[in-house]
Amino acid sequence: MEQMEQSGETCQSLCQGKFLELLKEGRWEYVRRVNASGAVMIVAVTKEGELLLVEEYRVPLHAWTIGLPAGISGDEGEESALQSARRELEEETGYRADAWTYLFTGPSSPGLTTEMVSFYLADGLHRISEGGGVAHENITVHRIPLPLVHGWLMDQTGQGKVVDPKIFMGLYFLSHSVNGVGLEE
């Protein structure tokens, strides 16, 4: 892949808050997270063949959103992406996994932010709590049978909810997993 030559422009900080910093570099304005090393997203399927999805209200969208369990890495102190994935799965869904497989790391929104998301496959799930997130979160956990996921997601959009398209990336990774759990017929 060919990379574009850098413009040589200096990067200016336009505004910084507790969690985000707005930067300007040449014509580009973009955001980076402050005090975080990235984000994690977890593809987790129960032994009954149900994909774990989470629903929560997202203020920037002013809408209820459906997504894979996910979160910020390094925002609660120094931790690896895998440690963050383990913590987020447990906090959001109430599940722990016996085995973890790193899948891929890529940009969450390359025209908007420097944030990189690491995807993990969580296997051998066992429920240890109700989940629902930490004190300030109001997360609903959905367990959707794999064959019904697409239809269920389309139904949710029909109800006015926003579906994170990264779910479909997670399903792609799941369908190409080496452990035999897949969606392909």
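**A network of charged side chains**

Begin by selecting Glu79, Arg87, Glu88 and Glu91, which are linked in a network of salt bridges. The model on display is a predicted one. By the rule applied here, its salt bridges number 10. In general terms, side chains of opposite charge can pair when their charged atoms come close.

**Three further salt bridges**

Select lysine 161 and glutamate 55 next. The two form a salt bridge whose closest N and O atoms are 3.2 Å apart. This pair connects distant parts of the chain, 106 residues apart: glutamate 55 belongs to strand 5, whereas lysine 161 sits in the loop between helix 2 and strand 11 (162–163). Is glutamate 55 buried or exposed? With a relative accessibility of 8%, glutamate 55 counts as buried.

Move to arginine 58 and glutamate 56, another salt bridge, with the closest N and O atoms 3.0 Å apart. Glutamate 56 has a relative accessibility of 9% and therefore counts as buried. Arginine 58, at 41% relative accessible area, is partly exposed.

Then display arginine 127 together with glutamate 130. Their salt bridge has its closest N and O atoms 3.2 Å apart. Arginine 127 is partly exposed at 38% relative accessibility, and glutamate 130, at 60%, counts as exposed.

**The four-stranded sheet**

Switch to a cartoon view and locate the open sheet of 4 strands, which has the order 7-4-9-8 and mixed pairing. Its edges are strand 7 (70–73) and strand 8 (95–107), each of which pairs on one side only. From one strand to the next, the twist averages 30°.

Select residues 116–127 to highlight strand 9, which pairs with strand 8 in the antiparallel sense over 11 bridges. Which residue in strand 9 is the bridge partner of alanine 99? The partner is aspartate 123.

**Two helices across the sheet**

Select residues 81–93. This is helix 1, which lies across strand 4 (38–44), strand 7, strand 8 and strand 9. Helix 1 runs at about 120° to strand 8.

Now select residues 166–175, which make up helix 3. Helix 3 lies across strand 4, strand 8 and strand 9, and its direction is at about 65° to strand 9.

**The nonpolar cores**

In soluble globular proteins, nonpolar side chains tend to be buried together. The largest nonpolar core of this model has 23 residues; to see those that touch the most other members, select Leu51, Leu53, Leu68, Leu153 and Ile167. At least two residues of this core come from each of strand 4, strand 5 (50–58), strand 7, strand 9, helix 2 (149–158) and helix 3. Which element supplies the largest share? Helix 3 does, with 4 residues.

Centre the view on leucine 53. Leaving aside residues up to four places away in sequence, leucine 53 touches Ile66, Gly67, Leu68, Thr140, Val141, His142, Ile144, Trp152, Leu153 and Ile167. Apart from the largest core lies another, of 13 residues, including Val40, Trp100, Tyr120 and Leu125.

**The aromatic cluster**

Select Phe104, Phe119, Tyr172 and Phe173, which ring pairs link into a cluster. The model contains 6 aromatic pairs by the rule used. In the pair of phenylalanine 104 and phenylalanine 173, the ring centres are 5.9 Å apart and the planes stand at 35°, so the pair is tilted. These two residues lie in distant parts of the chain, 69 residues apart, with phenylalanine 104 in strand 8 and phenylalanine 173 in helix 3. Phenylalanine 173 is buried at 16% relative accessible area, whereas phenylalanine 104 is partly exposed at 41% relative accessibility.

**The hairpin of strands 2 and 3**

For the last stop, select residues 20–25 and residues 28–33. These are strand 2 and strand 3, which run antiparallel and are joined by 6 bridges. One of the residues to label is leucine 23, whose bridge partner in strand 3 is tyrosine 30. The two strands form a hairpin with 2 residues between them. In the turn, glycine 26 has a positive phi of about 65°.

How values were computed:
Residues are numbered from 1 along each chain as its sequence is written. This is a predicted model: local features need pLDDT of at least 70, side-chain atom pairs count only at pLDDT 80 or more; totals for chains, interfaces and linings use all residues. Side-chain values use heavy atoms; hydrogens and water are left out. Two strands pair if DSSP finds at least two bridges between them. Axes are lines fitted to C-alpha atoms, for helices over the stretch in contact, and angles run from 0 to 180 degrees between N-to-C directions. Contact means heavy atoms within 4.5 Å. A nonpolar core is a set of buried Ala, Val, Leu, Ile, Met, Phe, Trp, Tyr and Cys residues joined through side-chain atoms within 4.5 Å. Buried means under 20% relative accessible area, exposed over 50%, partly exposed in between (1.4 Å probe, protein chains only). A salt bridge is a side-chain nitrogen of Lys or Arg within 4 Å of a carboxyl oxygen of Asp or Glu. Rings of Phe, Tyr and Trp (its six-membered ring) pair if their centres lie within 6.5 Å; planes under 30 degrees apart count as stacked, over 60 as edge-to-face and the rest as tilted.
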